[in-house]
Protein chains: 2
Amino acid sequence: MARIVMKFGGTSMAGSERICNVAARVKRAVEAGDEVAVVVSAMAGETDRLVGYCHEAAPRAVGADFRAEYDVVVAAGEQVTAGLLAMTLQAMGVRARSWLGWQLPIRTSGAHSLARIEGIETEAVLAAMAGGEVAVVPGFQGLTAGGRVTTLGRGGSDTSAVAMAAALSAERCDIYTDVDGVYTTDPRIVPRARKLSRITYEEMLELASVGAKVLQTRSVELAMKEKVRLQVLSSFSDAPGTMVVDEDEDGEMERELIAGVAYDKSEAKVTLVGVPDRPGVVGAVFGPLADSGVNVDMIVQNIAKGEGHTDVTFTVPRAQLPLSLDVLEKAKAEIGFTALLSDAAVAKVSVVGVGMRSHAGVAATMFRALAARGINIQAITTSEIKVSVLIAEEYVELAVRVLHTAYGLDAPITEDEVSA
Amino acid sequence: MARIVMKFGGTSMAGSERICNVAARVKRAVEAGDEVAVVVSAMAGETDRLVGYCHEAAPRAVGADFRAEYDVVVAAGEQVTAGLLAMTLQAMGVRARSWLGWQLPIRTSGAHSLARIEGIETEAVLAAMAGGEVAVVPGFQGLTAGGRVTTLGRGGSDTSAVAMAAALSAERCDIYTDVDGVYTTDPRIVPRARKLSRITYEEMLELASVGAKVLQTRSVELAMKEKVRLQVLSSFSDAPGTMVVDEDEDGEMERELIAGVAYDKSEAKVTLVGVPDRPGVVGAVFGPLADSGVNVDMIVQNIAKGEGHTDVTFTVPRAQLPLSLDVLEKAKAEIGFTALLSDAAVAKVSVVGVGMRSHAGVAATMFRALAARGINIQAITTSEIKVSVLIAEEYVELAVRVLHTAYGLDAPITEDEVSA
């Protein structure tokens, strides 16, 4: 018997039949003796529908007043699924009630549409759960100190679930989704990708930030901070999932050097040629971009060539490339570059693993494996547990497969396959 | 400058374009200097969609726990339109915010899905309105003393609007709908039906209860009790509407004897033949029906014929006719009738007017006019300001036209019509 949080995403809640499937899963947990809080997303497509209404109502509105009403509108999606799941459970003979964001309440900052959870009052809900009642909580929503409805930003329901698990001191937070766990890489590219039984928070964070979209980065950060054990598993199968755990807890295991290989095709490369190599030039480049809300990622500044000039290369989100070029052209006099180049046909490929902290040569293996296939590296960035390279987009699938093999991640060949 | 409540129904709120039209109307009121609270329904069709989900989730559920979650689900419809209208107003440069049922709060009884409003806290909203901000309030929803969401029953938004007007001491409550006022009768049957510029609460109540579906009976009762001046007018035109007022206020006017002629085809007739004429027999008939939730309307007990037997005729809702017959058959031994007859092809036609309090002969005019056309009267009931007759359904349009003319309600023939 344990206290657990179960979180179900929009695909799992899309329609009465699927909600019934979710309720059956919750019922099994209750019958196993668990105290259960369930966090639910809106039905798949519903939030988009509501957001669409908001944009029709106020096409150009971005102010705080608009965002406060936006939150009132879009929070309705999770309110509906929370009520429906509670009554479906009741119909199956499981005692249940919904606890809306303002009822618990889930206290958040006042940053409408991007609010942060500040605290959750749990006395009443804990008493109800102790009495054998399932608590159904709409994800994504909260309440300001002033009593207004907030939402946490798209995908915020994972964060709601982790925050509930932390507030309830739950043994774990099970995130049910439409994939059955975290894989060593995208199985669509590498059929021999393996599902990981365990992964550390840090690895999960790095994988999430480089394009593996299983969990919201923010929810993993919160889980790491609050030491909430996360499990990712499928709503649609009974296969075991992936447990996201603390590195210490994971320490006993034999494990691979590298947890996974991720890729990201959403960035574009910008190069400023002939930038004067003088103090303050980096600020002249990146200051105006930051002021315009551009998220710069990889940055490479070459060693100054003769005559005190250098080239600066960096990546920005593809969607922000036109804005970025515009901002830089306007700052040309101040920066003093001779040419502005850009390339949207790039991809970032990353290998992630806490094992690289204690093993040298991880990056070298990567560079050798890519060079052997003639794949040119355009930029490199590293963190303590990640190495990322920028390459031409056309090579991305090849690079992922090559690296997956190079780090020994491929699943073993089965006897069936040998005999086939 | 006045403080007013404007209420918009589901047809008026169905989609962004119509919400924009509503916002433009509210803006005009604000620019005219009014302090405005707006009460909104869900988009037409949305409540049905949400109710459908509930029935799929729990096909047989009728308990209090189910109804508490039902309220959580269906209240979402008005939450969405309230947020959308507030942001649409903002986009038009009108300061506005939504006040959800739990935010004001609108305090209700704990009778989920059929809650009654017990009080509305208005201090904060009045301050906001005095500061020039439009208050947008979702209709239909409230909050129990225990902090749960309630709804007021279908069509409850009219009641929300009247309750808001009473709580805010508003000068009037304007109900915008898809018809442009209250007519002397159904214009589809009588092209010469006239729109009434004024009608009393009592007349409106009697008309509502006999099938004129412009306003919910409950909202008119509340308006009468709280002396809220109601105006019914169209969202889709600028034509003047109908003002529903107190009889005293209406006293100065020259007015017709009869305000309107209504009809209702939703009832069926039941006759018990040969019922023993003994004390307690009425209880034996109507007790079991009441216990089964059947709403009996007109009742006629004939004078006892020879041998101490009588016939009892009454009407029930057509939808409850099979249930009623079943209940009566089971009670046959106890009641002791000789035959049980029923007829669903009946209609009730009523004339309503406070003028009949001081004028004799209103009923006689009705009976003569119907008799002249050979229309047989099967049952009669009267109240202080209403006479209703039950007739064969096939005569209903004829009866309405005949009575409309007999009481002098037909609009005058215009010069255009004369020359045509």
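**Entry 1: B:Lys227**

I began at B:Lys227 and asked whether it is buried or exposed. B:Lys227 is exposed, because 12 other C-beta atoms lie within 10 Å and the cut-off for exposed is 12 or fewer. I keep in mind that this is a predicted model. I placed B:Lys227 in the loop between α8 (217-226) and β11 (230-234) of chain B. Its phi is positive, about 55 degrees, although B:Lys227 is not a glycine.

**Entry 2: two more positive phi values**

I then looked up B:Ser113. It is not a glycine either, yet its phi is positive at about 75 degrees. B:Ser113 sits in the loop between β4 and β5 (117-120) of chain B. Is B:Ser113 buried or exposed? It counts as buried, because it has 20 C-beta neighbours inside 10 Å and 20 or more is the cut-off for buried.

B:Ser169 also went into the notebook. It comes just after α6(B) and takes a positive phi of about 50 degrees.

**Entry 3: helix α6 of chain B**

That led me to α6(B) itself. The helix covers residues 156-167, 12 residues in total. From first C-alpha to last it reaches 16 Å, close to the 16 Å expected at 1.5 Å a residue. I checked its cover next. How many of its 12 residues are buried? I found 11, so I note the helix as mostly covered, with 20 or more C-beta neighbours as the mark of a buried residue. Among the buried residues are B:Gly156, B:Asp158, B:Val162, B:Met164 and B:Ala167.

**Entry 4: cis peptide bonds**

I looked up the cis peptide bonds. In chain A, one joins A:Leu104 and A:Pro105, with omega at about -15 degrees. A:Pro105 is in the loop between β3 (96-98) and β4 (106-108) of chain A. In chain B, a cis bond joins B:Leu104 and B:Pro105, and omega there is about -15 degrees. I found B:Pro105 in the loop between β3 (96-98) and β4 (106-108) of chain B.

**Entry 5: how the two chains relate**

How is chain A laid on chain B? A turn of 180 degrees and a shift of 0.1 Å along the axis do it, with an RMSD of 0.1 Å. I wrote this down as a two-fold axis, because that is the relation such a turn and shift describe. In chain A, the C-alpha nearest the axis belongs to A:Ala76, at 2.6 Å. Both copies use the same surface: 100% of the contact residues of chain A recur in chain B.

**Entry 6: the contact between the chains**

I counted the contact. It takes 30 residues from chain A and 30 residues from chain B. On the side of chain A that touches chain B, the elements that give two or more residues are α1 (16-31), α2 (46-57), α3 (64-74) and α4 (76-91). Which of them gives the most? It is α4(A), with 11 residues. By class, this side of chain A has 19 nonpolar, eight polar and three charged residues.

I also checked A:Ala91, which is in helix α4 of chain A. A:Ala91 is partly exposed, because 19 other C-beta atoms lie within 10 Å. I looked up its separation from A:Thr338. They are 247 residues apart in sequence, and 71 Å apart from C-alpha to C-alpha.

**Entry 7: the nonpolar core**

I turned to the largest nonpolar core. It has 246 residues, and A:Val38 and B:Val38 have the most contacts inside it. What does A:Val38 touch, leaving aside neighbours within four places in sequence? I listed A:Met6, A:Phe8, A:Val26, A:Leu85, A:Val134, A:Val136 and A:Val137.

**Entry 8: strands**

In chain A, I followed β11 (residues 230-234). Four of its five residues are buried, and the strand is mostly covered. Strand β9 (residues 172-177) pairs with β11(A) in the parallel sense over five bridges. Here A:Ile175 stands opposite A:Val232. β11(A) also pairs with β12 (residues 242-245), in the antiparallel sense, over three bridges. A:Leu230 has A:Val244 as its bridge partner there.

In chain B, I followed β14 (residues 267-276). It pairs with β16 (residues 309-317) in the antiparallel sense over eight bridges. B:Ala268 is partnered by B:Val316 in β16(B). β14(B) pairs with β17 (residues 339-343) too, antiparallel, over five bridges. In β17(B), B:Ser342 is the bridge partner of B:Val270.

How values were computed. Residues are numbered from 1 along each chain as its sequence is written. Chains are lettered from A and ligands numbered from 1 in the order in which they are written. This is a predicted model: local features need pLDDT of at least 70, side-chain atom pairs count only at pLDDT 80 or more; totals for chains, interfaces and linings use all residues. Two strands pair if DSSP finds at least two bridges between them. Copies are superposed by least squares on the C-alpha atoms of residues with pLDDT of at least 70 in both. Two residues are in contact if their C-beta atoms, placed from the backbone, lie within 7 Å. A nonpolar core is a set of buried Ala, Val, Leu, Ile, Met, Phe, Trp, Tyr and Cys residues joined through C-beta atoms within 7 Å. Ala, Val, Leu, Ile, Met, Phe, Trp, Tyr, Cys and Pro count as nonpolar, Asp, Glu, Lys and Arg as charged, and the others, Gly among them, as polar. The expected span of a helix is 1.5 Å times one less than its number of residues.
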